[in-house]
Amino acid sequence: GTLTLTVCVLGSPTAFLPALLEGGTRYPGAMVLCLAPGWAQRVPSETSPGTWALLLSRGVTFEAGGHTALEDFVPPRRATYVTMTPGPGDGWEAELARDLECPTGGSGPLARRLQDPLLARWLLATRAGVPVPPTLAFVPGRGGTLPHGPEPPGLRLVPMEGDPERESTVRRE
């Protein structure tokens with residue numbers, strides 16, 4: 001059918017690469033990377049006065065298996081969620097993302113969460129119900145950046161702090 005979900009990442013993909021790849025596997029074509037200001041256009045919202053819609057005329061799409069494609073969208077695709085890599089100052093990304101009708105993200109804490117593959121997998125598995133690749137992680141203590149709660153399916157955490165037999169624990173796991 002027609003794809004109605006368009007998650008747009010404005011600017012550098014570095015902080016969002018795990019989410020782009022995972023999203024491309026789960027929803028092929030829905031994750032779009034916008035690398036230049038000329039690839040997107042703000043237009044007045046038809047449903048929310050005082051806000052803007054973001055229309056994408058070009059973008060890098062993500063598919064299953066990590067495949068990507070540079071696509072021209074005719075007609076332009078409407079972004080349904082927009083995020084960007086936070087940085088100093090107000091770049092073109094911040095200008096395009098200002099006062100949009102769709103939800104937006106791009107805070108420093110969000111970028112740090114997405115840069116941590118273990119945390120990103122934990123959140124995708126527990127909060128979004130997205131199946132994640134089987135993961136074995138050796139962590140200090142309980143894994144300081146992870147939320148409290150039971151381990152989600154597919155993730156196995158092995159605390160290493162205070163383990164006098166670390167080498168044998170690693171071999172056994």
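A residue counts as buried when its relative accessible area is under 20%, as exposed when it is over 50%, and as partly exposed in between. Keep that scale in mind and select Glu95: with a relative accessible area of 40%, Glu95 is partly exposed. You will find Glu95 in helix α2. Now add Arg42 to your selection. Glu95 and Arg42 are 53 residues apart along the chain, and their C-alpha atoms are separated by 9.5 Å. One thing to remember throughout the tour: this is a predicted model.

**The whole chain**

Zoom out and switch to a cartoon view. The protein chain has five helices and nine strands. If you trace the cartoon along the sequence, you meet them in the pattern β-α-β-β-β-β-β-α-β-α-α-β-β-α. The chain has 173 residues, and 38% of them count as buried. Turn on the surface next: the accessible surface comes to about 9800 Å², and 58% of that belongs to carbon and sulfur atoms. How do contacts link parts of the chain that are at least 6 apart in sequence? Of those contacts, 51% join residues at least 24 apart.

**The largest nonpolar core**

Hide the surface and select Cys8, Leu10, Leu54, Leu56 and Val82. The largest nonpolar core has 25 residues, and these five touch the most other members. Colour β1 (7-10), β2 (31-34), β4 (52-62), β6 (81-84) and α2, since these are the elements that give two or more residues to this core.

Stay with Val82 for a moment. Leaving out residues up to four places away in sequence, Val82 touches Cys8, Leu10 and Leu54, and also Ala97, Leu100, Cys102, Pro103, Thr104 and Gly105. Then look for a second, separate core, which has 11 residues, including Leu118, Leu123, Val132 and Leu157.

**Helix α1 and what covers it**

Select helix α1, residues 17-26. Which residues of this helix are buried? They are Leu20, Glu22, Gly23 and Gly24. Show the surroundings too: what covers the buried residues of α1 includes β1, β2, β4 and α4 (117-127).

While you have a helix on screen, here is a handy tip for viewing one. An α-helix has 3.6 residues a turn, so residues three or four places apart point the same way.

**Cysteines without a bond**

Select Cys8, Cys34 and Cys102 and show their side chains. Why is there no disulfide at Cys34? The closest cysteine sulfur to that of Cys34 is in Cys8, 5.1 Å away, which is too far for a bond because a disulfide needs the two sulfur atoms within 2.5 Å. Cys102 has its closest cysteine sulfur in Cys8 as well, at 8.4 Å, again too far for a bond. In the whole structure there are zero disulfides. Are these two cysteines buried or exposed? Cys34 is buried, with a relative accessible area of 0%, and Cys102 also counts as buried, at 10% relative accessibility.

**Strand β5: a cis bond and a charge over a ring**

Move to strand β5, residues 68-78, where Pro75 lies. Look at the backbone just before this proline: the peptide bond from Val74 to Pro75 is cis, with omega near 0°. Now show the side chains of Phe73 and Arg77. The charged end of Arg77 sits over the ring of Phe73, 5.0 Å from the centre of that ring. As for rings pairing with other rings, a search of the whole structure finds zero aromatic pairs.

**A loop stop at Asp99**

Next, select Asp99, in the loop between α2 (92-97) and β7 (104-105). What is the phi of Asp99? It is near 55°, a positive value in a residue other than glycine. Asp99 is partly exposed, with a relative accessible area of 44%.

**The last stop: Phe138 and Thr169**

Select Phe138 in strand β8 (residues 135-139). Phe138 is partly exposed, because its relative accessible area is 36%. Add Pro159: it is 21 residues from Phe138 along the chain, and the two C-alpha atoms are separated by 6.0 Å. Apart from its neighbours within four places in sequence, Phe138 is in contact with Val158, Met160, Val170 and Glu173.

Finish at Thr169, in helix α5 (residues 166-172). Thr169 is buried, with a relative accessible area of 6%. Setting aside residues up to four places away in sequence, Thr169 touches Val158, Met160 and Asp163.

Conventions. Residues are numbered from 1 along each chain as its sequence is written. This is a predicted model: local features need pLDDT of at least 70, side-chain atom pairs count only at pLDDT 80 or more; totals for chains, interfaces and linings use all residues. Side-chain values use heavy atoms; hydrogens and water are left out. Helices (H or I, at least four residues) and strands (E, at least two) are DSSP runs, numbered from the N terminus. Buried means under 20% relative accessible area, exposed over 50%, partly exposed in between (1.4 Å probe, protein chains only). Contact means heavy atoms within 4.5 Å. Rings of Phe, Tyr and Trp (its six-membered ring) pair if their centres lie within 6.5 Å; planes under 30 degrees apart count as stacked, over 60 as edge-to-face and the rest as tilted. A charge sits over a ring if NZ of Lys or CZ of Arg is within 6 Å of the ring centre and within 35 degrees of the ring normal. A nonpolar core is a set of buried Ala, Val, Leu, Ile, Met, Phe, Trp, Tyr and Cys residues joined through side-chain atoms within 4.5 Å. Accessible areas come from the Shrake-Rupley method with a 1.4 Å probe; for residues, only the protein chains shown count as cover.
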